[in-house]
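Trainee: Please take a close look at the aromatic rings with me, and keep the cut-offs in view.

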Amino acid sequence: MLGFVLFHALPTLRAAAISLTDWNLLRPSQFVGLDNYAEMLADDRFWHGMGLSGLYALINIPMQTVLGLGLAVAMHRLTQSLFVKATVLLPYLLSNVLVAMVWLWMLDPVLGMVNHALDAAGLGRQGFFGDAGQALATVAGVNVWRHMGLVALLFLAGLQGIPRSLYEAAALEGASEWQMFRRVTLPLLRPVMVFVLVTSVTGSFQIFDTIAVTTNGGPADATGVIVHYIVQNAFGFYRMGYASAMAMALMAVMVLYTVVQMRLMRADESDMA
């Protein structure tokens, strides 16, 4: 609770106060009321950033969830090895900046080993981070690789909590593997699924470090997501009030999404009976 108050609650209240001011970090702040919010609503760049963040989430979340769930099912059926679990989780334990730098080198259009392999296979070199049409999907792919292991371990914990007797009863009733997965496994994984979706979507809208290292919002603003625009205004243009207003708006969207998601998926209920 102390950590939450010091590092989340108080900074949030401070940001809310700053959002009502015009402050460039060098002079005393001036109260401007809701002017920053009015400017934000008329700012095409703000809506462009929100749209790109939403598109990034649409690319990132389905791949990350499906691959993580598939990996969890495979581990649950084939192995309980601690070494395998540690290996799966390893990418998540690496620094985001380090991961971004490694993939930036691997996907380099001239020196990268991935493009060398594609060229050798006759598929042609790809721009990846340097191609406006591929950059956002490439960033999503890097972050799927990094977070997939954590998602898999979360699902694995949920799978291990499902009683074997339910599968045995379903098998006696003649249920196929797919029917057991759809009617037993997925419903009982709902609490874990809610947690994964809520944290993954909020994390996707907060993506910054991978983009800062690999594309810096480019090419042609193709990866200029909302947090990159917020940081740019705060520490590039020294518009702390405007940046704080956008941050508060982003927080409101994420709170609304979380409430709706938890209501739709009945996060406070259990199918285990």
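Mentor: What follows is a walk through the ring contacts and the residues that make them. The model is predicted, so local features need pLDDT of at least 70 and side-chain atom pairs pLDDT 80 or more, while totals for chains, interfaces and linings use all residues. Numbering runs from 1 along each chain as its sequence is written, and side-chain values use heavy atoms, without hydrogens or water.

Searching the whole structure gives 3 aromatic pairs (rings of Phe, Tyr and Trp, the last by its six-membered ring, with centres within 6.5 Å; planes under 30 degrees apart are stacked, over 60 edge-to-face, the rest tilted). One of them joins Phe46 and Trp47: with 5.0 Å between centres and 75 degrees between planes, the pair is edge-to-face. Phe46 is buried at 3% relative accessible area, whereas Trp47 is partly exposed at 45% (buried is under 20%, exposed over 50%, partly exposed in between, with a 1.4 Å probe and protein chains only).

Trp103 and Trp145 also form a pair; their centres are 5.7 Å apart and their planes lie at 70 degrees, so this one is edge-to-face. Trp103 belongs to helix H5 (residues 96-106) and Trp145 to helix H7 (residues 135-160), so the contact ties together parts 42 residues apart in sequence (helices are DSSP runs of H or I with at least four residues, numbered from the N terminus). Trp145 is partly exposed, at 36%.

A charge meets a ring as well: the charged end of Arg45 sits over the ring of Tyr229, 4.5 Å from its centre (NZ of Lys or CZ of Arg must be within 6 Å of the ring centre and within 35 degrees of the ring normal).

Conventions:
Helices (H or I, at least four residues) and strands (E, at least two) are DSSP runs, numbered from the N terminus.
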